[in-house]
Amino acid sequence: MRNRQLKCGWGMGLAASLLATIAPAHAAEVKALRIWAGPEYTRAVFDVSGPLDYKLFDLANPNRIVLDLHASTFTADYGTPGAKGLLKAVRSGKQGAKDLRVVFDLEQGVRPKSFLLAPAEKFGYRLVLDLYPKTKPAVVKTMQEIMPPGAPRNVLIAIDAGHGGDDPGSIGAAGTYEKVITLAVARELKRVVDREPGMSAILTRDGDYFIPHKERYQKARDAKADLFVSVHADAFTKSEARGSSVWVLSPRGATSEAARWLADRENRADLVGGVSLDTRDDTLAAVLLDLSQGATMEASGSVANQVHASMRKVGPTHKNYVERANFIVLRSPDVPSILVETAFISNPAEEKRLNNPAERTKLAEAIVDGMRNYFRATPPPGTLFASNMKRDKVSRHIVSTGETLSVIAARHGTSVTALRSANKLAGDSVRAGDVLEIPQG
Ligand SMILES: [Zn+2]
């Protein structure tokens, strides 16, 4: 799990910038070029034998990027791949006596970014070239903007398929890539969410490309999503490890994220939970952020409990509780966020299950069951869930850790007897995560 975070790429940026500046002139072999195209950028990755010197420059009329690789040779099986995304064509050849030149012909002007990556997992050295369009892609529409004014809106779920592009994630016993499974589950989850009354979904990625972690949750924030769900598949050295798990952000993760938000001027002008932190009063900003984060973490815990409980009904769970870790994608300070490990891709039986569309539907339906329970009990204002609750004159309560029937009864101004009969309870025992109907009047 923690290893995967490194694999997920937060070590990448650091290693990259160090290498790019200290790389000495070396003769390197260029083994392969792979290209991925996403809606936001196009990524070209060269597999190289070691650190190498390179020069990058862009030319207009026609638009192209030229990459000169110093003192390098192509291996015998190097082939130039077909063009994709922002690329019209890719050409490569020798440049002078010792260098190689790769020319990327472009559809439009781009902002290039390049960096070297040190070996990680099964990958050796890589030279990465990211090409961003100069024109920004269309802004995400929020649910409030899509729905007719005055009508109750749908709750919006941002579904994040983990990994993608040059980051395959974990690799299964039979060779299945986690990035392929996460996308298949994410798409199925979107399909199931969209047919659910009062719910709509968006995907952070809908293709085979990589998105940085911060951008994943930023997309959910931009769309004003009510919930962010990151989909993954677990891996462990022991192939017997099995079961799904649900994760939320650890308090340590929240604390370090709060420090970053408060320190970052750009972030401070941003809105968190509807309030701007752009105040000169540091204490006030910290309090506002703390309030928003606290509410978000509580909501994340509730929805995670619900999803965990409903996933238990369709298959084994790895632990019998919701787990916590400092995952970057879960750090949104104002969108409740959970990470679902659907199963262990390293377990041959579970890998097979993840490759089966019918099993993926079962998983998606279980996740949606959990979400529905959560939104029924705690509907965001202005949503169809909220107006249904008013119409049905019913309210619901999610039991949190340590709560007893009498505490819940007192809080809602009802009696233990009324609670028992409304929920057909034989005794007084309730479990954290249970949803209780609260009788009205
Ligand atoms: Zn993963």
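**Notebook: helix 10, the zinc site and unusual backbone angles**

I looked first at the N-terminal end of helix 10, which Asn356 caps with a side-chain oxygen 2.9 Å from the backbone nitrogen of Ala358. I worked on a predicted model, in which local features need pLDDT of at least 70 and side-chain atom pairs count only at pLDDT 80 or more. Residues are numbered from 1 along each chain, and hydrogens and water are left out of the side-chain values.

I then checked the length of helix 10 (helices are DSSP runs of H or I, at least four residues; strands are runs of E, at least two). Its 21 residues, 357-377, should span 30 Å at 1.5 Å a residue, and the end C-alpha atoms are 30 Å apart, which agrees. The expected span is 1.5 Å times one less than the number of residues.

Next I examined the zinc ion, which His163 (NE2), Glu178 (OE) and His232 (ND1) coordinate at 2.1 Å. Donors are N, O and S atoms within 2.8 Å of the metal (3.2 Å for Na, K and Ca). I noted that Glu178 lies in helix 4 and His232 in strand 12, so the pair ties together parts 54 residues apart in sequence. Glu178 and His232 are both buried (under 20% relative accessible area; exposed is over 50%, partly exposed in between; 1.4 Å probe, protein chains only).

Finally I looked up backbone angles. The peptide bond from Asn61 to Pro62 is cis, with omega near -10°, and Pro62 lies in the loop between strand 3 and strand 4. Ala71 has a positive phi of about 45° and is partly exposed at 21% relative accessibility.

Definitions and conventions: Polar contact = N/O pair within 3.5 Å; in protein donor to acceptor, adjacent residues only side chain to side chain.
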